[in-house]
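This briefing sets out selected features of one protein chain. Please keep the sequence and the three-dimensional view at hand while reading the points below.

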Amino acid sequence: MSGRRLILWFGAFVAVFAVALVYFQFFAFYDRDQESDELVFGGTVIPVSNIDMIDAPTSPLKLRACFEADSSVFASMPIAEKPVPLTPPPWFGCFDAERITRDLEDGTADAKLVAGENPEGFDVMAAVYPDGSVYLWRQLGEEFAE
């Protein structure tokens, strides 16, 4: 086998591997929900509309959701300590983690702890805007954050 043929086979393998890696990292394990009319976390039922949500059975940290809800549902929930919206995959356009972080820092949105330890070691956070827009995500609980 000549060196040229070996390099071509190796290049083809790398290209196929790269495509498979991108697919499995960004697309393969996500479940998308655009039809639910309520979310349930820790016994709290949240009526929602216009939902766009992704989640994955492989990792609790893959939850992201954008929806509209009555802000009064979140009024009794505790204020979230150290909310850090996690970046979604590039194809999930409604969740802009950088904008949400800025809005939480400047007070445009309120950070709420929707459910602690859901599942164990993970907290469900929400950025709630006055107009009823809500962005939801899971992040590591305080005991695992460091």
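Which residues make a nonpolar surface patch of about 560 Å²? The patch is made by V22, Y23, F24, F26, F27 and F29. The model under discussion is predicted. The points below cover this patch, the disulfide, helix α2 and the surroundings of E81.

**Nonpolar surface patch**

- One member of the patch, F24, is placed in helix α1, which spans residues 3–26.
- F24 has a relative accessible area of 46%; because buried means under 20% and exposed means over 50%, this residue is classed as partly exposed.

**Disulfide**

- The structure contains one disulfide, formed by C66 and C94 with their sulfur atoms 2.1 Å apart.
- The pair connects distant parts of the chain, the two cysteines being 28 residues apart.
- C66 belongs to strand β5 (residues 64–68), whereas C94 is in the loop between β5 and α2.
- The torsion about the S-S bond of C66 and C94 is about 85 degrees, and the disulfide is therefore right-handed.
- The two cysteines fall into separate accessibility classes: C66 is buried, at 6% relative accessible area, while C94 is partly exposed, at 28%.

**Helix α2**

- Helix α2 comprises residues 97–106, and its buried residues are A97, I100, D103 and L104.
- These buried residues lie on the same side of α2 because they cover an arc of only 125 degrees around the axis.
- The exposed residues E98, E105 and D106 are carried by the face of α2 that is turned away from the buried side.
- Three strands receive the buried residues of α2 in packing: β6 (110–115), β7 (122–128) and β8 (133–140).
- G107, just after α2, adopts a positive phi of about 85 degrees.

**Surroundings of E81**

- E81 is located in the loop between β5 and α2, the loop that also holds C94.
- With a relative accessibility of 59%, E81 is classed as exposed.
- Leaving aside neighbours within four places in sequence, E81 is in contact with M125 and Q139.
- The C-alpha atoms of E81 and A111 are separated by 8.0 Å, although these residues are 30 residues apart along the chain.

Conventions:
Residues numbered from 1 in each chain as written. Predicted model: local features only at pLDDT ≥ 70, side-chain atom pairs only at ≥ 80, totals over all residues. Heavy atoms only, no water. Buried < 20%, exposed > 50% of the residue type's maximum accessible area, 1.4 Å probe, protein only. Helix = DSSP H or I, 4+ residues; strand = E, 2+ residues; numbered from the N terminus. Arc of directions from axis to C-beta. Contact = heavy atoms within 4.5 Å. Disulfide = S-S within 2.5 Å. Patch = residues over 30% accessible without salt bridge, like charges linked within 9 Å, V, L, I, M, F, W, Y side chains within 5 Å. Areas by Shrake-Rupley, 256 points an atom, 1.4 Å probe, with all protein chains shown as cover. Salt bridge = Lys/Arg side-chain N within 4 Å of Asp/Glu carboxyl O.
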